[in-house]
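Morning, everyone. A quick tour today: salt bridges first, then cavities. Have a look at this one.

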Amino acid sequence: MDRTREKMRTILSIDGGGVRGLIPAQALEFLETKLQELDGPGARLADYFDIIAGTSTGGLMAAMITSPNGHNRPLFASKDLTNFYMKWLPHIFPQRTTSSRFRQVKSFFCGCKYSGQCLQMILNENIPSLRLSETITNVLIPTFDVKLQQPAIFSTFQAKENPLKNPFLKDVCIATSAAPTFLPPHYFTIHDQSSASPRSFHLIDGGIAANNPTLLAMNQIIEMCVKEDPIFKTFRPKEYGKMLVLSLGTGQEDSTSASYDAKDVARWGYFKWIKNKNRTPIVEVFTNASADMVDIYIANMFQSSLYKGKYLRIQETNLSGAAASIDCSSKENLENLVKIGRMLLDKSVSKVDLETGLFQEVENEGTNKDALTRFAKLLWEERNRRLEERKSRLPSLSSHNKENK
């Protein structure tokens, strides 16, 4: 290991996508396995990332792998995510029955397709009283406030700075998952003794603001570093080279297959935009555009050879049928999503083409497994560098304490 290597800031970002969260869950499990090969079976992702960002289903996973148990270790290992999702997704998104068909018709006129009660029950059982400020490492989870008509971004860093930005983590998870037409908006209030008035939030799915929260996480890192690292006080584009960024998508349809034809779309009314062949085009358009724009922007920043290996985006771009849905929780589809996620690991590393917006294979980069293995080595090196730095400071800190006594 190169002991003189520059300090790196490490970022993990997970897109929104409902049941398709099973796709990035496979990458998270593989990465954690590689870290355990380097650091032992107790290694967890939260030990290696300065910030873990997630939107919607990504926000739920971020919360799960950073929420502390009684020993201040993560409640969930990455390998637990798949089984958790397989168990609970059919209850969060129950499939059609006579009563659910009635609810679906009703949702065209009032209410949402699903009640969200199961998700609330799960979070109440696992993290009932945990505050955002208590996560093992920093998390960042975007939502959108329908009353203020602007994004509401929740982060551990800001929660520690301001009590009125420190809600229960379960409330943030419910809010970021509240996809329009699927799950109901979430309302909650934060009370603080030092403030004369509480703060209220009226929130829906963070995908409306940032389905791919990578850029938000990078901006948060800069804000965090301003307090402790002078080099970031005059931040310049070249400082992006001091970031190590892993961005995981939840998959999207093959854009070359022309999912929608402009002539057909021109004839759509309100209902067609909301429901079309078991899909919700208006939600897809917003979330896909949001995620892709962020990836294109960041890929452009990391184009320089100086940043090679510092930004890795893993995304499946060839979904079809039920696999492209965000709420199809049939056993067959969930098992297929797991299979897609594992097959994605064996695909070649791809990067977005800045001209077409399409993903293209990168020569001499190997598979996504190869890239994640290299990424794990960089994370391990950075963590060990920090541990050694901390050890080197201990004697001086001990001497300083003795002098003060």
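**Salt bridges and cavities**

Glu37 counts as exposed because its relative accessibility is 56%; exposed means over 50% relative accessible area, buried under 20%, and partly exposed in between, with a 1.4 Å probe and protein chains only. Before I go on, the ground rules. This is a predicted model, so local features need pLDDT of at least 70 and side-chain atom pairs pLDDT 80 or more, while totals for chains, interfaces and linings use all residues. Numbering runs from 1 along each chain as its sequence is written, and side-chain values use heavy atoms, with hydrogens and water left out.

Back to Glu37. Its salt bridge partner is Lys34, with the closest N and O atoms 3.5 Å apart. The term needs a side-chain nitrogen of Lys or Arg within 4 Å of a carboxyl oxygen of Asp or Glu. Both residues sit in helix α1, three residues apart, about one turn of the helix. Helices here are DSSP runs of H or I with at least four residues, strands are runs of E with at least two, and numbering starts at the N terminus.

How many salt bridges does the whole structure have? The search finds 15. One of them joins Arg313 and Asp15, at 2.8 Å from N to O. Arg313 is in strand β8, Asp15 in the loop between β1 and α1, and their positions lie 298 residues apart in the chain. Both are buried.

Next, Lys113 and Asp327. Their closest N and O atoms are 2.8 Å apart. Lys113 is in the loop between α4 and α5 and Asp327 in the loop between β8 and α13, so the pair ties together parts 214 residues apart in sequence. Lys113 and Asp327 are buried. There is also a network of salt bridges: Asp50, Glu382, Arg385, Arg386 and Glu389.

Now cavities. On a 1 Å grid over the protein atoms alone, a cavity is a set of points where a 1.4 Å probe fits but cannot get out; lining residues have an atom within 4 Å of a point. Volume is the space filled by probe spheres set on the points, which are joined across faces, edges and corners. Three cavities reach 30 Å³ or more.

The largest holds about 60 Å³. Helices α2 and α5 each give two or more residues to its lining. The second largest has about 40 Å³. Asp15 is back here, among the lining residues, along with Arg20 and Asn211.

That's the tour. Over to you.

Definitions and conventions: On a 1 Å grid over the protein atoms alone, a cavity is a set of points where a 1.4 Å probe fits but cannot get out, and a pocket is an open set with protein on both sides within 12 Å along at least five of seven lines; lining residues have an atom within 4 Å of a point.
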